[in-house]
Amino acid sequence: MLKSVALAAVASVTLAAAAGAADLPRRAPPPVFTPVPVFTWTGFYVGVNAGYAFTESDTIRTTGINNLGAVGTPTAPANLQLNVDRNLRRPSVNMATEGFSGGGQIGYNFQFTPGSGIVVGVEADAQYTDLSRNQVQNTTNTAFNPNVLINSYRTELNYLGTVRGRIGYAFDRVFVYGTGGFAYGDVTQSVTFQTGAPVTYAARRSSMETGYAYGGGIEYALPTESFLNFFRASAVTIKGEYIRYDLGSRNLLVGTTGGPGLGYISRISTEGSLARAGINYKFGTY
């Protein structure tokens, strides 16, 4: 009998303890920690750019050629350098100009350490450049030549492309870099010299020229959910950049189309700068 009473008491105490424990507040499970991905510049990208193109060193330098014909023949000696010396044919003509540029780029970056660290890459771009200039000069020196001499010059860079390496340092979403490499462009140049007599010296060339380009810039990665992320890229970046290009200097033989003399040699340089902004869409590693 006592044993039954003891068992009943133990059972009652156990049930009461269980009921009391059910009424106690439950401990919430620990929160799940989701790490924020570390941004990296590694990946392919494509984009567009637009800006301001200008030249300040595009110069045409002219020298005269002496005809070596015999005196008294239709090709009598003609020292055309005298026209240059007396400023009838300008020895140096500045063809500086400015205009709009716009185009696109494609490239790849590799970042050695995500977050902050060294970034290397390669980029190719091509852009239209509104760089063309015509210049016409009328010159006289009656003490030396009674004619009015007309000098006409034209230079034009229709488009410019580059293939460049990039290297710099990323401060998380800010990337500061230098760049340099190969440049090419479609160049048109012409020079025409006329006198009062029916003698014209003229030359024209239009060709693809090559050279080099260098510069630097700064690029910033926007948040992925930016309204500019039309293509759902892994990142959208905006940049400001300065590029200096030099496509070299070429000689034009400005030969005669009538009358004595071979003509002139005009050496024309093609170099300038781009100051531009751009936007890139990165695809690949976050």
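This tour moves from a surface patch to the internal cavities and then to the salt bridges of a predicted model.

**The surface patch**

Begin by selecting Phe110, Phe112, Ile118, Ile167, Tyr169, Phe171, Val176 and Ile218, which together make up a nonpolar patch on the surface with about 760 Å² of accessible area. If you then colour strand β6, residues 145–171, you will have marked the element that contributes the largest share of this patch, namely three residues. Phenylalanine 110 belongs to strand β4, residues 98–111, and its relative accessible area is 36%, so phenylalanine 110 counts as partly exposed.

**The cavities**

Turn next to the interior, where the structure holds two cavities of 30 Å³ or more. The largest cavity has a volume of about 90 Å³, and to find its centre you can select Asp58, Thr155, Glu156, Leu157 and Thr270, which are the closest to that point among the 14 residues of the lining. Strands β6, β7 (174–194) and β10 (263–283) each supply at least two residues of this lining, and by class the lining of the largest cavity comprises five nonpolar, seven polar and two charged residues.

For the second largest cavity, with a volume of about 30 Å³, select Trp41, Tyr45, Asn109, Arg166, Glu219, Thr237, Asn280 and Lys282, which line it. Here the lining divides into two nonpolar, three polar and three charged residues.

**The salt bridges**

The whole structure contains 14 salt bridges, and a convenient one to show next is that between lysine 239 and glutamate 123, whose closest N and O atoms are 3.4 Å apart. Because lysine 239 lies in strand β9 (residues 235–256) and glutamate 123 in strand β5 (residues 116–141), the pair ties together parts that are 116 residues apart in sequence. Both lysine 239 and glutamate 123 are buried.

Now select arginine 276 and glutamate 241, whose side chains meet in a salt bridge at 2.8 Å, N to O. Arginine 276 sits in strand β10 and glutamate 241 in strand β9, so this pair ties together parts 35 residues apart in sequence. Arginine 276 is buried, with a relative accessible area of 5%, and glutamate 241 is likewise buried, at 5%.

Glutamate 271 and arginine 244 form a further salt bridge, at 2.9 Å from N to O, in which strand β10 provides glutamate 271 and strand β9 provides arginine 244, 27 residues apart. Both glutamate 271 and arginine 244 are buried.

To finish, display Glu123, Asp125, Arg164, Arg166, Glu219, Lys239, Glu241 and Arg276 together, since salt bridges that share partners join these residues into one network.

How values were computed
Residues numbered from 1 in each chain as written. Predicted model: local features only at pLDDT ≥ 70, side-chain atom pairs only at ≥ 80, totals over all residues. Heavy atoms only, no water. Patch = residues over 30% accessible without salt bridge, like charges linked within 9 Å, V, L, I, M, F, W, Y side chains within 5 Å. Areas by Shrake-Rupley, 256 points an atom, 1.4 Å probe, with all protein chains shown as cover. Salt bridge = Lys/Arg side-chain N within 4 Å of Asp/Glu carboxyl O. Helix = DSSP H or I, 4+ residues; strand = E, 2+ residues; numbered from the N terminus. Buried < 20%, exposed > 50% of the residue type's maximum accessible area, 1.4 Å probe, protein only. 1 Å grid on protein atoms, 1.4 Å probe; cavity = no way out; pocket = protein on both sides within 12 Å on 5 of 7 lines; lining within 4 Å. Points joined across faces, edges and corners; volume = space filled by probe spheres on them. Nonpolar A, V, L, I, M, F, W, Y, C, P; charged D, E, K, R; others polar.
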